[in-house]
Amino acid sequence: MMQYYGLLALVPFVRACTNPDSNACASFMTAQAATASAFCATFTKSAVTATAGLPAWATACDSKPSAISKECSCAFTGGGGATTTTTTKATTTTLTTSTRTTTGSGGGSTGSCGSPNYSLQGYGSGATGGGSGSGTTVTSCSALSSAAESGGVITISGVLDGCGSECSRSSLASRHPKHLLTRDIIVVDLVSDTTVLGSGSQSGLTNGGFRVKRASNVVLKNLYFHDPPEGKDLVEIQYSTNVWVDHCDFSTEGLVGDKDHYDGLLDITHGSDMVTVSWNKFHDHWKGSLVGHSDSNSDEDKGKLHVTYHHNHFTNVNSRLPSFRFGTGHVFSSCFENNPTSGINSRMGAQMLIEQNYFSSTKLAIVTDLDSDEDGYAVDKDNIFVDSDTRITQTGSFTPPYSYTTNPASCICDMVKSYAGLGVI
Ligand SMILES: *[C@@H]1O[C@H](CO)[C@@H](O)[C@H](O)[C@H]1NC(C)=O
């Protein structure tokens, strides 16, 4: 049996405030989080006045108990934000601090955000890829395709356009009946024991992508991925194990056009297992990262789809950050900004632990009852929500079997902006 200890972890939650970089209320809240959290942890009254032991900055507070969190709202007056120097009182603004229940059995330890640790951790930690040789450097699609057939270490130099093999339009259309295909390109397949590296600060693929299918031991690093072929994913992992996707950049043109014109940025499906997705930037696209593609695929997926996401940056992506069906997901120390529809979506009994993440303007930052026949589970631990909401119907019990190092939600956005993505490793 797993052991649990209960802690009350307190995170600031600001309603009616926007980005703390630009909004006085939000920056005030962030600055006062320690006091607000300590106060709200013990606060049970429905309403009190300024004489009843409020924090110095508050003029009135009330509590809002709910099933999974105890919220405490305080009104305050003040300029907020270090940049405000005026002595005039600002408009009264409501801030809300929510108390989250922390459940865990160790494993995670929290450092500062000072120095990044790029070691492979999490479920994909068995991935060794193509080994440590210097391998082959490719500068054309034909060289990439032939190198990909034999695996090993492959370095892409430059952005290669339209790589992949041809296949007939009718066979593509039969596999993707929803899409009206105008191109006859499919992505490049990778075999077992392959590492693909991007050279410098912008090397990779455009109008193309990779498929890891029935393979194990694949590493993708420092790769630029922009625009898959129509109807396809930039990277799709199917029937595969021990995969590490690290320091890559995934995007399309943004939230424009038909949302099904392209498929996902990084999709992990068909019973794939033991995957780590770390230090990547996912931005400007409709469908982010899908783990488990269908409610009716439990035969393949149940007991599989163990994926760790950490130190990623998700911005201006409409949904699936990630979306999990059936599997087991651990999402930690990542930054989510301006994602308009949904963030982490746990469904069909998926078990997810979500910790030390910062969510700003991300609608349904964590949700467990969206778009599937059955709800998923989510443990919400030490996350910060600014202008972001959650809807968690089942808390769940998952704790990771490995040890790992988180960095605090309060500084994670600065950290991943500096150290995730291209040109840093
Ligand atoms: C980096 O992370 C790995 C994996 O969690 C851990 O084993 C190692 O001790 C860490 N290194 C430092 C310097 O913290």
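Which residues have the most contacts inside the largest nonpolar core? In this predicted model, they are Leu220 and Met352. The core holds 82 residues. Helix H5, spanning residues 409-419, supplies the largest share of this core, with 5 residues.

The surroundings of Met352 were examined next. Leaving aside residues up to four places away in sequence, Met352 touches Phe324, Gly329, Val331, Ile344 and Ser346, as well as Gly376, Tyr377, Ala378, Gly396 and Phe398.

Strand S12 covers residues 210-213, and its side chains alternate. Phe210 and Val212 point to one face and are buried. Arg211 and Lys213 point to the other face and are not buried.

S12 pairs with strand S15 and is also joined to strand S9. Strand S9 (residues 188-190) runs parallel to S12, and 3 bridges join the two. Here Asp189 stands opposite Arg211, a residue whose side chain is on the face of S12 that is not buried. Strand S15 (residues 235-238) also pairs with S12 in the parallel sense, over 4 bridges. In this pairing Phe210 of S12 stands opposite Val235 of S15. Phe210 is one of the buried residues of S12.

The ligand site was then considered. Around the ligand are Asn117, Ser119 and Gln121, together with Tyr404 and Thr405. By class, this shell has 4 polar residues and 1 nonpolar residue. No charged residues belong to the shell.

Definitions and conventions:
Residues are numbered from 1 along each chain as its sequence is written. This is a predicted model: local features need pLDDT of at least 70, side-chain atom pairs count only at pLDDT 80 or more; totals for chains, interfaces and linings use all residues. A nonpolar core is a set of buried Ala, Val, Leu, Ile, Met, Phe, Trp, Tyr and Cys residues joined through C-beta atoms within 7 Å. A residue is buried if 20 or more other C-beta atoms lie within 10 Å of its own, exposed if 12 or fewer, and partly exposed in between; C-beta atoms are placed from the backbone. Two residues are in contact if their C-beta atoms, placed from the backbone, lie within 7 Å. A residue is near a molecule or strand if its C-beta atom, placed from the backbone, lies within 6 Å of it. Ala, Val, Leu, Ile, Met, Phe, Trp, Tyr, Cys and Pro count as nonpolar, Asp, Glu, Lys and Arg as charged, and the others, Gly among them, as polar. Two strands pair if DSSP finds at least two bridges between them.
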